[in-house]
Amino acid sequence: MSMLNKSCSDFLEVLASKAPVPGGGGAAALGGAIGMALSNMVGNLTVGKKKYAEVEGEVKELITKGEQIIAELKNLVDEDAAVFEPLSKAYGLPKDTPEQIAYKEQVMEKCSKDACEGPMKIMRTCYAGIKIHERMGQIGTNLAISDVGCGVVFLKSALISGMLNVVINLNTIKDQEYVSKNRAEMEQLLADGSKIADTTLELVLGKIKK
């Protein structure tokens, strides 16, 4: 059953338990989806208002892109769980003989790479969502502009959470070419995404402060 088919209470209960999934990656994806939904809410409140007629077409495009990001992040809640569970089992493989040690190292390498892909996708998707918030903060209705601020904070948190999950998996991978490539992309997404998110939050605060 999909993690998102659980009630909010059930999801939080299993998240707080010692069950291996969901974990930080799934929570990050869900938080990012919530953040993206807030931007779309602002967009939907903007559409149809005479004051924003000139940007209505662009707002509709942002909403469509936002819907795609929400769908992708929802999928990533389950994908993160699917790739992490084999890794959690790999930690328990025996290592009493040289053959067992070699086999465990091989399985751990593959599972760690698989587990790294989910949070990397979360980071890429959250970065795209932050970019949408940047524009929605500029052209969305001022009546709900605070929700753009709320949404971009959710997405920045999800971006950072994704980074943490990438790092912990990279630490167990021996393929240094893979590690270097993913670390470079991770650091770039974190730096650029955080900067845009912070600027967007400042923009929103400037609009709502009296």
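So, contacts first: in the protein chain, 78% of the contacts with a separation of 6 or more join residues 24 or more positions apart, where contact means heavy atoms within 4.5 Å. Before I go on, this is a predicted model, where local features need pLDDT of at least 70 and side-chain atom pairs count only at pLDDT 80 or more, while totals for chains, interfaces and linings use all residues. Residues are numbered from 1 along each chain as its sequence is written, and side-chain values use heavy atoms, with hydrogens and water left out.

Okay, the overall layout. The protein chain has six helices and zero strands, so its pattern along the sequence reads α-α-α-α-α-α. Helices here are DSSP runs of H or I with at least four residues, strands are E runs of at least two, and the numbering starts from the N terminus. Put a box around the C-alpha atoms along the principal axes and you get roughly 75 × 35 × 30 Å. Out of 210 residues in the protein chain, 41% are buried. On that scale, buried is under 20% relative accessible area, exposed is over 50%, and partly exposed is in between, using a 1.4 Å probe and protein chains only.

Let's walk in from the N-terminal side. Between helix 1 (8-16) and helix 2 there's a loop, and Pro22 lies in it. The peptide bond leading from Val21 into Pro22 is cis, with omega near -5°. For context, most peptide bonds are trans.

Then helix 2. Its 23 residues should span 33 Å at 1.5 Å a residue, and the end C-alpha atoms are 33 Å apart, so that agrees. The expected span, by the way, is 1.5 Å times one less than the number of residues. Two residues to point at here. Gly31 is in helix 2 and is buried, at 13% relative accessible area. Its C-alpha is 9.7 Å from that of Ser161, although the two are 130 residues apart along the chain. Val42 is in helix 2 as well, buried with a relative accessible area of 0%. What does Val42 touch, not counting residues up to four places away in sequence? The list is Met136, Gly140, Thr141, Ala144, Asp147 and Val148. Just after the helix, Gly48 takes a positive phi of about 95°.

Now the inside. A nonpolar core, in this analysis, is a set of buried Ala, Val, Leu, Ile, Met, Phe, Trp, Tyr and Cys residues joined through side-chain atoms within 4.5 Å. The largest one has 44 residues, and the members touching the most others are Leu73, Met123, Cys126, Ile130, Val166 and Leu170. Helix 2 (24-46), helix 3 (56-90), helix 4 (98-139), helix 5 (146-170) and helix 6 (176-208) each give two or more residues to this core. Take Val166: leaving aside neighbours within four places in sequence, Val166 is in contact with Cys116, Pro119, Met120, Met123 and Met186. Apart from that core lies another, of six residues, including Ala90, Val107, Cys111 and Ala115. In soluble globular proteins, nonpolar side chains tend to be buried together.

Helix 6 next. Its 33 residues reach 47 Å from first C-alpha to last, close to the 48 Å expected at 1.5 Å a residue. Its buried residues pack against helix 4 and helix 5, and among them are Tyr178, Met186, Gly193 and Val204. Tyr178 has something else going on: the charged end of Lys113 sits over its ring, 5.1 Å from the centre. That label needs NZ of Lys or CZ of Arg within 6 Å of the ring centre and within 35 degrees of the ring normal.

Another lysine, Lys131, lies in helix 4 and is partly exposed, at 37% relative accessible area. The C-alpha atoms of Lys131 and Ile34 are separated by 15 Å.

Last topic, cysteines. How many disulfides are there? Zero, taking a disulfide as a pair of cysteine sulfur atoms within 2.5 Å. Cys8 is exposed, at 64%, and its sulfur is too far for a bond because the closest cysteine sulfur, in Cys150, is 17 Å away. Cys126 is buried, at 0%, and its closest cysteine sulfur, in Cys116, is 15 Å off, so that is too far for a bond as well.
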